[in-house]
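Let's take a relaxed walk through this protein chain and see what holds its parts together. Have a look at the structure first, then read on.

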Amino acid sequence: MQRKDFGSMLCPVARTLERVGEWWSILILRDAFHGLTRFDQFQTSLGIAPNMLTRRLDALVEAGLLARRLYNRHPPRYEYVLTPRGRDFWPVLVSLMAYGNRHFAREGIATELADVNTGNIVDPVLVDRASGTPLDSEHFKLAPGPAANSSMRLRMKYSDKLRSKENAGAEWAAYAGAREKSDKRVPRGRRQTRSP
């Protein structure tokens, strides 16, 4: 199976999922935040097959989320430590945990976020850094950035029309037409998945 080239896509969601979207990868990062660093520690914690663990660790190193460090020369043994880019995944992991606790913890909550100094359980929310306002989809939207292409700008214009309750049909038709033309230009077998 040919690997999709999400790295060339503009969508930051697609780019991130290409690096950490496989569920073993997220669980490895979770365990790295718990302090696990060695192959056998990850394998014991996750119950993952060695060949799969090797592939996922290699992919996380290649993506710059983990760094491989030699800790034993004979035989060579490596540990895997979070990089600054890997440590930046912390709020994503906490958000996933909070979402899972809110919607999928039928058996009860097994993991919570706590203040290191007080031990008090905290309720994580994403906020705007400048104002401190909690981020929700009613008051905030995705907007095109400086590198957004015309297709992305059309999709967001469609979203804006829906938000304002205006007729968005023309915007969607323009977006769908632009996507169709774009897809026809990509040689068969090399078509990328559309960006979210």
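Before we start, one term: a contact here means heavy atoms within 4.5 Å. Also keep in mind that this is a predicted model.

**A residue to start with**

Take Ser25, which lies in helix H2. Leaving aside residues up to four places away in sequence, Ser25 touches Arg19, Val20, Arg56 and Leu60. Is Ser25 buried or exposed? Ser25 is buried, with a relative accessible area of 0%.

**The overall picture**

Now zoom out. The protein chain has eight helices and four strands. Reading from the N terminus, the order of the elements is α-α-α-α-β-β-α-α-β-β-α-α. The protein chain has 196 residues, and 24% of them count as buried. Its accessible surface comes to about 14100 Å², with 54% of that belonging to carbon and sulfur atoms. As for contacts with a separation of 6 or more, 38% of them are between residues 24 or more positions apart.

**Helix H2 and its cover**

Back to the helix that holds Ser25. H2 is mostly covered, with eight of its 11 residues buried. Which residues of H2 are the buried ones? They are Trp24, Ser25, Ile26, Leu27, Ile28, Leu29, Asp31 and Ala32. What covers them includes helix H1 (12-20), helix H3 (39-46), helix H4 (50-62), strand S1 (66-72), strand S2 (77-82) and H6.

**Rings and a charge**

The structure holds three aromatic pairs. One of them joins Phe33 and Trp90, a tilted pair with 5.1 Å centre to centre and 55° between the planes. Phe33 lies in helix H2 (residues 23-33) and Trp90 in helix H6 (residues 90-103), so this pair ties together parts that are 57 residues apart in sequence. Phe33 is partly exposed at a relative accessible area of 24%, and Trp90 is partly exposed too, at 39%.

Another ring has a charge for company: the charged end of Arg38 sits over the ring of Tyr71, 3.6 Å from its centre.

**Salt bridges**

How many salt bridges does a search of the whole structure find? The search finds five. In general, side chains of opposite charge can pair when their charged atoms come close. Here are some of the bridges, with their N to O distances:

| Acidic residue | Basic residue | Distance |
|---|---|---|
| Glu22 | Arg56 | 3.3 Å |
| Asp58 | Arg68 | 2.5 Å |
| Glu79 | Arg69 | 2.9 Å |

Let's take these one by one. Glu22 and Arg56 meet in a salt bridge. This pair links distant parts of the chain, with Glu22 in the loop between H1 and H2, Arg56 in helix H4, and their positions 34 residues apart. Glu22 is partly exposed, with a relative accessible area of 25%, whereas Arg56 is buried at 16%. You have met Arg56 already, as one of the residues that Ser25 touches.

The side chains of Arg68 and Asp58 also meet in a salt bridge. Arg68 belongs to strand S1 and Asp58 to helix H4, and the two are 10 residues apart. Arg68 is partly exposed, with a relative accessible area of 34%, and Asp58 counts as partly exposed at 34% relative accessibility.

Then there is the bridge of Glu79 with Arg69. Glu79 sits in strand S2 and Arg69 in strand S1, 10 residues apart. Glu79 is buried, with a relative accessible area of 14%, while Arg69 counts as partly exposed at 43%.

**Between the two strands**

Stay with S1 and S2 for a moment. Pro75 has its place in the loop between S1 and S2. Most peptide bonds are trans. The bond from His74 to Pro75, however, is cis, with omega near -10°.

**Out on the surface**

Finally, turn to the outside. Which residues make the nonpolar surface patch of about 260 Å²? The patch is made by Leu126, Leu135 and Phe140. Phe140 is found in the loop between strand S4 (121-122) and helix H7 (150-163), and counts as partly exposed at 32% relative accessibility.

Notes: Residues numbered from 1 in each chain as written. Predicted model: local features only at pLDDT ≥ 70, side-chain atom pairs only at ≥ 80, totals over all residues. Heavy atoms only, no water. Phe/Tyr/Trp six-rings, centres within 6.5 Å; stacked < 30°, edge-to-face > 60°. Buried < 20%, exposed > 50% of the residue type's maximum accessible area, 1.4 Å probe, protein only. Lys NZ or Arg CZ within 6 Å of the ring centre and 35° of its normal. Patch = residues over 30% accessible without salt bridge, like charges linked within 9 Å, V, L, I, M, F, W, Y side chains within 5 Å. Areas by Shrake-Rupley, 256 points an atom, 1.4 Å probe, with all protein chains shown as cover. Salt bridge = Lys/Arg side-chain N within 4 Å of Asp/Glu carboxyl O.
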